[in-house]
Amino acid sequence: MYGKETMQSYEVLRPSQPMDCWATVVASTQLSPTIKSIRLRLHDQSFRFLPGQAIWPKFERDGKQFTKIYSISSSPSQCPEVELCVSRVGWSSAYIQDLEPGDTISVRGPYGMMTLAECPDRPRLYIAEGSGIAPVKSHIEWLAEQRFSRPVWLIQANPETPDCLPYADVWRSLQQTWATFHYIEVLNSPVESVLSKLPLNLHIADIDICAVGDRVSQLQDAVLSLGASWAQVRAEKFVAF
Ligand SMILES: Cc1cc2nc3c(=O)[nH]c(=O)nc-3n(C[C@H](O)[C@H](O)[C@H](O)COP(=O)(O)OP(=O)(O)OC[C@H]3O[C@@H](n4cnc5c(N)ncnc54)[C@H](O)[C@@H]3O)c2cc1C
């Protein structure tokens, strides 16, 4: 079993209370044919969030205001800049993808449950599909900054364009500099095809899953069928509401 870290002291994070804030787009980069990274500079310097939290950009359409939620894909250490990772599927995601550097947008946050406030004391397995890599990237970047010493595994697939994984180059190079980080790229096949061959004892890991719609329960079922228990598994489901 893994015990508590004794030699290393890790950062403990405290998020802000949810706040309304203006943000300016500083960069917008295509990561795959359907997924873009959008970097925002928040005007309120006091904004703080936990890896895994999200913001709600506000939109105006036909004179009516509405809002959708997007996970922050960058580490909290980059505040007041935050990165979003957005799949182009409908009106709101197209609006965010089409913002240009210099544009401003109103956001509210942070919110979210699948978070880290401090370094965990067990190995971690992340499973991400499509833009579900967003909150996972925030977790992994922060754990890397902490020099987290337990094994961290990332299994990534992308049903939108199965031969193109967002941030694959980031994960490949992180693997070169962080000895306990292991990246498995799943190209042109489902995540399930590699899960049973994973050289990680699922009984001793904490497992976070992020994907779209029904894929979340399918991936949960897959790890449970391999021996993980419900208590080990958390999931974030991207749905439109
Ligand atoms: C907690 C949470 C966090 C989220 N974080 C992100 C994020 O970081 N990045 C992101 O791109 N989306 C994220 N979403 C989804 C986002 O909030 C919107 O629902 C999504 O952008 C669709 O809105 P739309 O108006 O563009 O399209 P809509 O017309 O509202 O939806 C069109 C279709 O797209 C499907 N859909 C929703 N989200 C996705 C997606 N991400 N990929 C593929 N299909 C999808 C819907 O089920 C629907 O069938 C998140 C959702 C939740 C609940």
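Strands β1 and β2 form a hairpin with 4 residues between them, where a strand is a DSSP run of E with at least two residues, a helix is a DSSP run of H or I with at least four, and both are numbered from the N terminus. This is a predicted model, in which local features need pLDDT of at least 70 and side-chain atom pairs count only at pLDDT 80 or more, while totals for chains, interfaces and linings use all residues. Residues are numbered from 1 along each chain as its sequence is written.

The hairpin strands run antiparallel, with 7 bridges joining β1 to β2 (residues 35–42); two strands count as paired if DSSP finds at least two bridges between them. Strand β1 (residues 19–30) is also joined, by 6 bridges and again antiparallel, to β7 (residues 104–111). Thr24 shows both pairings, for its bridge partner in β2 is Arg41, and it stands opposite Thr104 in β7.

On a wider view, the protein chain is divided into domain 1 (19–111) and domain 2 (124–238), with bounds that come from an automatic or database domain assignment. The centres of the two domains, taken over C-alpha atoms, are separated by 23 Å. Across the boundary, 18 residues of domain 1 are in contact with 17 residues of domain 2, contact meaning that the C-beta atoms of two residues, placed from the backbone, lie within 7 Å. On the side of domain 1 that touches domain 2, the largest share, 4 residues, comes from β6.

What lies between the domains? Both domain 1 and domain 2 give residues to the largest nonpolar core, so this core lies between them. Such a core is a set of buried Ala, Val, Leu, Ile, Met, Phe, Trp, Tyr and Cys residues joined through C-beta atoms within 7 Å, and a residue is buried if 20 or more other C-beta atoms, placed from the backbone, lie within 10 Å of its own. Of its 53 residues, Leu84, Ile127 and Leu154 touch the most other members, and helix α2 (residues 133–145) gives the largest share, 6 residues. Leaving aside neighbours within four places in sequence, Leu84 is in contact with Ile38, Leu40, Tyr70, Ile72, Ser73, Ile96 and Ala134.

Finally, the ligand is surrounded by 22 residues, of which Gly90, Ser92, Ser93, Ala134 and Ala240 are the closest; a residue counts as near if its C-beta atom, placed from the backbone, lies within 6 Å of the molecule. The shell around the ligand draws at least three residues from each of domain 1 and domain 2.

Definitions and conventions:
A residue is buried if 20 or more other C-beta atoms lie within 10 Å of its own, exposed if 12 or fewer, and partly exposed in between; C-beta atoms are placed from the backbone.
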